[in-house]
Amino acid sequence: MSALTPPDALPATLGALRDSGRAPVPVKEEVRRALLKRMRAGRPRLPGLVGFDATVLPQVERALLARHDIVLLGERGQGKTRLQRVVAGLLDEWSPAVEGCPVNDDPFAPVCPRCTEAAGRLGEDLPVVWRHRGDRYTGKLATPDTSVADLVGDVDPVRLAQGAALDDPASLHYGLVPRANRGVLGLDELPDLAARVQVALFGVLEEREVQVRGYALRLPLDLLVVATANPEDYTDRGRIVTPLKDRFGAEVRTHYPLTAEDEEALVRQEAAPAGRVLVPGHLVAVVARFARLVRGSASVDARSGVSARFALAAVEAAAASAERRAALTGEKAAVARVADLASAVPALRGKAEFAPGEEGREGEVLDHLLRRAAAEVFRERFTEEELEPLKAHFAGGGTAEAGAGAAAADLLASVGPLEGLGVLADRAARGGALPGADGAPDGPDAAAGETAAALELAMEGLYLTRRLSKADLGDEEDGGPGPAGDRSVYRT
């Protein structure tokens with residue numbers, strides 16, 4: 001049956017399902033077949049994951065082909081949870097289950113007492129429902145207060161009060177793991193589970209069953225388990241108990257993007273600036289390099305990692321700064337500039353764990369690394385020949401006002417007509433701009449904003465390479481002096 005068949009055309013009873021010729025397939029075999037099919041067709045196997053093609057994904061694919069449960073080991077913000085969801089995308093689009101079953105029983109082989117009784121009583125008329133693959137992924141963030149009852153199940157006091165006997169399986173309330181039956185179970189931060197809770201998962205991973213509070217009831221579960229852990233969790237916050245680690249078929253180490261190009265591609269894929277705003281290509285490149293420099297800095301605790309969310313937050317905060325400027329100055333197009341990113345640095349201090357001894361210097365460290373990132377992109381995007389007209393403007397005593405509080409028109413007017421300005425704009429735009437959630441501004445105002453953004457990058461680069469000076473002017477848009485850097489003047 002085609003995976004694209006609309007739900008209303010799918011069989012509604014066990015008999016109709018049997019007549020359709022559909023045979024039951026275990027979850028791991030279902031994932032394995034889909035993965036092989038994509039490989040043979042040359043299609044993306046696990047799409048949406050940047051920088052893992054030659055490292056992480058081959059290991060994950062081998063584990064899935066071997067029908068192994070997987071534990072993903074890596075620092076925060078490396079895409080481990082995203083990878084769990086992408087693996088769930090290999091499930092069939094629609095899958096049958098017994099209607100009303102709390103553990104999503106296979107109509108051909110029900111296992112819970114309720115469905116077993118219903119199958120015996122209704123036979124081929126057993127009602128069937130269809131679950132979309134999106135409903136077959138169950139995610140759980142493990143926390144120290146997670147109990148065995150949360151994961152496996154417990155006696156339901158309401159059902160006892162309604163007359164169910166204590167030794168009656170009908171008195172049970174199934175936990176998250178049984179309810180994830182016939183799907184993908186994602187367990188995030190596995191070491192945060194107490195050791196006794198991890199022990200309760202032994203049977204799930206090896207015998208594929210659960211037992212609830214000593215009941216003789218056993219549920220043979222059909223699951224693919226993909227867990228995540230941070231390496232520090234093994235020693236600092238908790239650990240995965242050895243027998244549980246042994247029950248995972250594969251341990252895969254994830255990583256941050258290995259190249260600046262991968263980092264930039266990740267930002268472009270994941271960042272979602274709010275509103276109608278434009279983040280120029282050179283600013284995306286600055287953010288990518290900024291994140292890499294922070295991650296590699298001796299002032300930052302490398303053990304805790306610097307999440308990919310750091311770069312995403314930086315882009316989104318810079319876009320918000322551009323929107324703020326447009327609202328205050330009356331600009332018709334919000335286009336982010338380097339100064340917008342600098343103004344966003346204070347909001348990023350909580351996204352990195354700093355090394356001992358750096359207390360009180362967090363903002364200073366981030367400012368320094370941002371300047372380094374901007375200087376790298378400046379050198380990469382512009383040649384000395386392309387900068388000659390701008391340098392001549394300042395050599396002749398000219399100045400220019402810029403900053404997060406300066407409108408694009410004011411910035412362009414401060415340098416006047418400048419030969420080669422279009423070339424600078426074209427060079428800075430390489431890689432393409434990132435639009436906001438409501439689209440990108442267009443027309444002459446947007447073009448002027450991008451040109452002003454390129455000009456500010458060039459001036460900031462000349463300042464960072466010590467060929468210009470820069471002084472803060474403040475800003476009176478809000479009725480008083482603004483923060484340092486809101487308006488600055490460049491001169492020789």
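These are figure legends for an overview and several close-ups of a predicted model.

**Figure 1. The whole chain, for orientation.** Before zooming in, here's the lay of the land: the C-alpha trace runs to about 95 × 55 × 45 Å along its principal axes. DSSP-style bookkeeping gives the chain 20 helices and 17 strands. Of its 492 residues, 51% count as buried. If you look at contacts between residues at least 6 apart in sequence, 77% of them join residues at least 24 apart.

**Figure 2. Strand β2, covered on both sides.** This view picks out β2, residues 94-98, where five of the five residues are buried. In a regular strand, side chains alternate between the two faces of the sheet. For β2, that puts W94, P96 and V98 on one side, with S95 and A97 on the other, and both sets are buried. The partner in this close-up is β3 (residues 128-132), which pairs with β2 in the antiparallel sense over five bridges. To find your way across the pair, start at A97 and look for V129, the β3 residue standing opposite.

**Figure 3. N104, in the loop after β2.** Staying with A97 for a moment, we follow the chain on to N104, which sits in the loop between β2 and α5 (113-122). Is N104 buried or exposed? Its relative accessible area is 11%, under the 20% cut-off, so N104 counts as buried. A polar atom of the N104 side chain lies 2.8 Å from the backbone oxygen of R179. R179 also turns up in the contact list: leaving out residues up to four places away in sequence, N104 touches A97, R131, R179, N181 and R182. That list leads back to Figure 2, since A97 belongs to one face of β2.

**Figure 4. The one cavity, and what lines it.** Set the threshold at 30 Å³ or more and the structure holds one cavity. Its volume comes to about 40 Å³. Which residues line this largest cavity? The lining is made up of L185, L187, L201, V204, L205, V225 and F248. Two elements, β7 (183-188) and α10 (202-205), each give two or more residues to that lining. Sorted by chemistry, the lining splits into seven nonpolar residues, no polar ones and no charged ones.

**Figure 5. V252 in strand β11.** Next up is V252, part of β11 (residues 250-253). With a relative accessible area of just 1%, against a cut-off of 20%, V252 is buried. What does V252 touch, once residues up to four places away in sequence are set aside? The contacts are V56, Q59, V60, I70, V71, L72 and L73. For a feel of how the fold brings distant stretches together, try F52: 200 residues from V252 in sequence, yet 11 Å away in space, C-alpha to C-alpha.

**Figure 6. G275, a buried loop glycine.** The last close-up lands in the loop between α12 (260-270) and β12 (277-279), where G275 has its place. Loop or not, G275 is buried, because its relative accessible area of 13% is under 20%. Neighbours within four places in sequence aside, G275 is in contact with E323, G436, A437, D438 and G439. A454 makes a handy yardstick here: 179 residues along the chain from G275, with the two C-alpha atoms 22 Å apart.

Key
Residues numbered from 1 in each chain as written. Predicted model: local features only at pLDDT ≥ 70, side-chain atom pairs only at ≥ 80, totals over all residues. Heavy atoms only, no water. Buried < 20%, exposed > 50% of the residue type's maximum accessible area, 1.4 Å probe, protein only. Helix = DSSP H or I, 4+ residues; strand = E, 2+ residues; numbered from the N terminus. Pairing = 2+ DSSP bridges. 1 Å grid on protein atoms, 1.4 Å probe; cavity = no way out; pocket = protein on both sides within 12 Å on 5 of 7 lines; lining within 4 Å. Points joined across faces, edges and corners; volume = space filled by probe spheres on them. Nonpolar A, V, L, I, M, F, W, Y, C, P; charged D, E, K, R; others polar. Polar contact = N/O pair within 3.5 Å; in protein donor to acceptor, adjacent residues only side chain to side chain. Contact = heavy atoms within 4.5 Å.
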